[in-house]
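These are my notebook entries on a two-chain model. I set down what I looked up, entry by entry.

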Amino acid sequence: MHQARFKGRLIPFLFMAPTLAILVLFLYYPVFQTFKLSLYRVAFLGLRKKFIGFANFVDLFKSSAYLHTVLITLLIAGAIVVIGLSVSLAISVLANQKVRGARVYRLLLIWPYALSPAVAGVIWLFMFSPGFGIVNYLLSITVHIEPNWLGDPYLAVILIIVVSIWKNIGYNVVFYLAALQNVNADVLEAAAIDGAGPWRRFRSITFALLSPMTFFLLITNITYAFFDIFGTVDIMTKGGPIDGTNVMIYNLYRDGFQYYKTGFASAQSVILFVGVIILTIIQFRTSGKRVYYGGA
Amino acid sequence: MRRKRSHSILTHAALILVVFLLLSPVLIAFVKSTQTRAQIYHFPPVLGFGTSIVQNYKTAWNEFHLGTYMKNSFIIATAVTVAKTILSMLTGLALVYFEFPLKNVVFYFILFTLMMPTQILIIALFSLISDFGLGNTYAALIMPFLASATGVFLFRQHFSSISPHLADAARVDGAGPVRFLWSVLIPMSWNTIAALALIQFIYMWNQYLWPLIIIRQNARQVIQVGLRSMTAQQDVTNWGVVMAGAIIAMLPPLIIFILLHEQFTKGFVLGKEK
């Protein structure tokens, strides 16, 4: 950071005032309120509030339904992160080959970034519909099965994972391709001359050099899998069948806005918030500031 | 030489396969958006274009109010994109080109908001906006998103990479900070501006959970939640019309992405690599 160039002590605050005001009003204050509400039992529409200490948290930790929700969330997030990043990296390495039309291929691989989780959900809901969906038609004429994708909790979880991976591949490939272009070709060539095979070169040079980017994508993909997945789940399964896809953010929405258990839902917000804080600390410990906003 | 050529043919084949797999859901959606209800429920499935393209898109736009939802999404996405870019730029200017007390505190104050995704604040945010009497308004959809750490840090990082002598020269010439921002910094920041605009527009266009909660009037609802209402009654759903809705809903962010993706890479993605 270089030296300041303009004089004035009040002017900078004038420039920052709108941003700081928004952050206080719409982020810091709601965080404070969320923590506060998590200690209350709130009657419908917030008309009556009763302080109950940590009872909401105790109820949550004792509830096997909530434990199930947490496990499903971790399972879905783990699959989205591990499978999604592996597939994206493979595609990026492929797209990084020097072939004619590389720029066109690139655009044709990254466009899903612009899709919303809801649009992805609508399209896949239709494709996987029993009876008239294209997927079950293809399965029935080839292997003679017609799974009821949205009627079976395990199949529904798999479907949510696949849709989410598909939707996020574009995002991952943009970042991996940029990182791959900075991998020095000379180093790879030198290793090849020394007799390192392609897999060895990939593992010990390319993958190692990509690790800061992998780490950045790990964090953004976890956030995506925990929060942005809401649209896909709401459109495709509404958390079902039999709560099979009832991830934490969906459960929070249901408790807060369908059952109007404001305090109980706030406690779930606090748990998610703690998760985000832990993730952020790990991120800063492991790689410093460069992961989030480059070398600033 | 021959080995190289066969290798490149294999690469093309693999790339085409991957591109096709990624694209196929949207291609299917487009083809189905042209079919009548009878063509969609026909067995075996009809894989060619149908005869209902104009009818389906008209129905989605008028009877399912997608026209209204699109207008609303366009208003909130544009408002947030423009306002957030300006506010982030001003904050970046203050952080890089001024010296002021508690600068570090301000910096960390902004930094910490990276840990506060709106999705986990919905309960408190809902009661706050309701207390303001702003339910069912554009303001409810716009105001909470007008500031972000991402935008501030993107500009802070970019401004820091610009030679400080330019600011000295500007000051010697008698230009104030606003003039300097307008005539020196902005012309040098188009990649960053485009990158942030793309991120924000797509982020706002794809908003789902917050509008679902805070907007209870169709006249103010956004496109993503509009799509949700189209699929609500599955048994009687006319899927051709729903697919037309999905295609309509994905077009604006897709167009912006195709136009700006190179600036996005230069202004944002490569920043992660420095």
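Entry 1, burial cut-offs. I call a residue buried if 20 or more other C-beta atoms lie within 10 Å of its own, exposed if 12 or fewer, and partly exposed in between. I applied this to L166(B), which has 14 C-beta neighbours inside 10 Å and therefore counts as partly exposed. L166(B) lies in helix α9 of chain B, residues 165–172. I also looked up its separation from F64(B): the two are 102 residues apart along the chain, and their C-alpha atoms are separated by 54 Å.

Entry 2, confidence. The model is predicted. I noted an ipTM of 0.91 and a pTM of 0.91. For chain B the mean pLDDT is 90, and 96% of its residues reach 70 or more.

Entry 3, chain A as a whole. I found 13 helices and 2 strands in chain A. The C-alpha trace of chain A spans about 75 × 75 × 30 Å along its principal axes. Of the 296 residues in chain A, 41% are buried. I then took the contacts in chain A between residues at least 6 apart in sequence; 70% of them join residues at least 24 apart.

Entry 4, helix α1 of chain A. I checked the length of this helix, residues 11–37, against its residue count. At 1.5 Å a residue its 27 residues should span 39 Å, and the end C-alpha atoms are 37 Å apart, which agrees. I recorded a bend in α1(A) of about 50° at A17(A), with a proline, P18(A), following within four residues. Among the buried residues of α1(A) are F15(A), T19(A), I22(A), L23(A), F26(A) and P30(A). An α-helix has 3.6 residues a turn, so residues three or four places apart point the same way.

Entry 5, K238(A). I placed K238(A) in the loop between α10 (211–236) and α11 (248–257) of chain A. It has 13 C-beta neighbours inside 10 Å, so K238(A) counts as partly exposed. The C-alpha atoms of K238(A) and N251(A) are separated by 9.9 Å, and the two residues are 13 apart along the chain.

Entry 6, the contact between the chains. How many residues does each chain bring to the contact? I read 84 from chain B and 85 from chain A. The side of chain B that touches chain A has 60 nonpolar, 16 polar and 8 charged residues.

Entry 7, the nonpolar core. The largest nonpolar core has 163 residues, and those with the most contacts inside it are V119(A), V122(A), I123(A), L198(B) and A246(B). Helix α14 of chain B, residues 239–269, gives the most to this core, with 16 residues. I followed I123(A) further: leaving out residues up to four places away in sequence, I123(A) touches P25(B), V26(B), A29(B) and A246(B).

Entry 8, R37(B). I located R37(B) in helix α2 of chain B, residues 37–41. With 16 C-beta neighbours inside 10 Å, R37(B) counts as partly exposed. R37(B) touches N238(B) and G240(B), residues up to four places away in sequence not being counted. From R37(B) to N56(B) I noted 9.8 Å, C-alpha to C-alpha, for 19 residues in sequence.

Entry 9, helix α6 of chain B. In this helix, residues 122–131, the buried residues are I122(B), I123(B), A124(B), L125(B), F126(B) and I129(B). Just after α6(B), I noted that G133(B) takes a positive phi of about 70°.

How values were computed. Residues numbered from 1 in each chain as written. Chains lettered and ligands numbered in written order. Predicted model: local features only at pLDDT ≥ 70, side-chain atom pairs only at ≥ 80, totals over all residues. Expected span 1.5 Å × (residues − 1). Bend = angle between axes of the 7 residues up to and from the residue. Contact = placed C-beta atoms within 7 Å. Nonpolar A, V, L, I, M, F, W, Y, C, P; charged D, E, K, R; others polar. Core = buried A, V, L, I, M, F, W, Y, C linked by C-beta atoms within 7 Å. pLDDT = per-residue confidence, 0-100.
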